[in-house]
Amino acid sequence: QVQLVESGGGLVQPGGSLRLSCAASGSIFRGNVMGWYRQAPGSQRELVAAIRSGGTTNYADSVKGRFTISRDNAKNTVYLQMNSLKPEDTAVYYCNFKYLTSQNDYWGQGTQVTVAS
């Protein structure tokens, strides 16, 4: 019903920057939230940032001040600008879409972000 395609992952040095993009297609309408989750090896998937169709944002404490989530509703695309990257940011990052009227989640395939020297 909703398809998500991510891009922008890669290898970056500590202190560097990276921007992730997620393009959504399918049954998209207002009243939704898109976000980024990440999962490091041996750990649970955690919320990084989320943004509602109206623009309200949430961030994990670990990324506040460093990451910025934004979206272009006309393009059905969400972005995650990641600055001042740290090795502990290394993880697979997943794009997520959720209707506000449903608990169903839609996930992208994930994109690897590696922060290392």
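This short presentation covers the disulfide, the largest pocket and several loop residues of a predicted model.

Good morning. I begin with the disulfide. As a reminder, a disulfide is a covalent bond between the sulfur atoms of two cysteines. The structure holds 1 disulfide, and its partners are Cys-22 and Cys-95, with sulfur atoms 2.1 Å apart. This pair joins distant parts of the chain: Cys-22 sits in strand β3, residues 18-26, whereas Cys-95 sits in strand β9, and 73 residues separate them. As for geometry, the link between Cys-22 and Cys-95 is left-handed, with -90 degrees about the S-S bond.

Are these two cysteines buried or exposed? Cys-22 has a relative accessible area of 0% and therefore counts as buried, the limit being under 20%. Cys-95 is likewise buried, with a relative accessible area of 0%.

I turn next to the pocket. Rolling a probe the size of a water molecule over the atoms shows where empty space is left. In this model the largest pocket has a volume of about 180 Å³. Its lining comprises 15 residues, and those closest to the centre are Val-33, Tyr-37, Ala-50, Asn-96 and Lys-98. Which strands each supply at least two residues of that lining? They are β4, spanning 32-39, together with β5 and β9, the latter spanning 91-99. The largest share, 4 residues, comes from β4. By chemical class, the lining of the largest pocket divides into 7 nonpolar, 5 polar and 3 charged residues. Strand β9 thus appears twice in this account, as it holds Cys-95 and also contributes to the lining of the largest pocket.

My third topic is Arg-66, found in the loop between β6 and β7, where β7 covers 67-72. Although its residue type is charged, Arg-66 is buried, because its relative accessible area of 11% falls under 20%. What does the side chain of Arg-66 reach? It reaches the backbone oxygen of Ser-84, at 3.0 Å. Leaving aside residues up to four places away in sequence, Arg-66 touches Gln-81, Met-82, Asn-83, Ser-84, Leu-85, Lys-86 and Asp-89.

Ser-84 itself deserves attention for its backbone. Most residues other than glycine have a negative phi, and most peptide bonds are trans. Ser-84, however, has a positive phi, near 50 degrees. This serine lies in the loop between β8 and β9. Ser-84 is partly exposed, with a relative accessible area of 40%. The residue that accepts the approach of the Arg-66 side chain through its backbone oxygen is thus also one with a positive phi.

Asn-76 is another residue that is not a glycine and has a positive phi, here about 55 degrees. Its place is the loop between β7 and β8, the latter strand running over 77-82. With a relative accessible area of 24%, Asn-76 is partly exposed.

I close with Gly-54. Where is Gly-54 found? It belongs to the loop between β5, residues 46-52, and β6, residues 57-59. Gly-54 is exposed: its relative accessible area is 75%, and the class requires over 50%. The C-alpha atoms of Gly-54 and Trp-36 are separated by 17 Å, the two residues being 18 apart along the chain. Thank you for your attention.

Terms used. Residues numbered from 1 in each chain as written. Predicted model: local features only at pLDDT ≥ 70, side-chain atom pairs only at ≥ 80, totals over all residues. Heavy atoms only, no water. Buried < 20%, exposed > 50% of the residue type's maximum accessible area, 1.4 Å probe, protein only. 1 Å grid on protein atoms, 1.4 Å probe; cavity = no way out; pocket = protein on both sides within 12 Å on 5 of 7 lines; lining within 4 Å. Points joined across faces, edges and corners; volume = space filled by probe spheres on them. Disulfide = S-S within 2.5 Å. Polar contact = N/O pair within 3.5 Å; in protein donor to acceptor, adjacent residues only side chain to side chain. Contact = heavy atoms within 4.5 Å.
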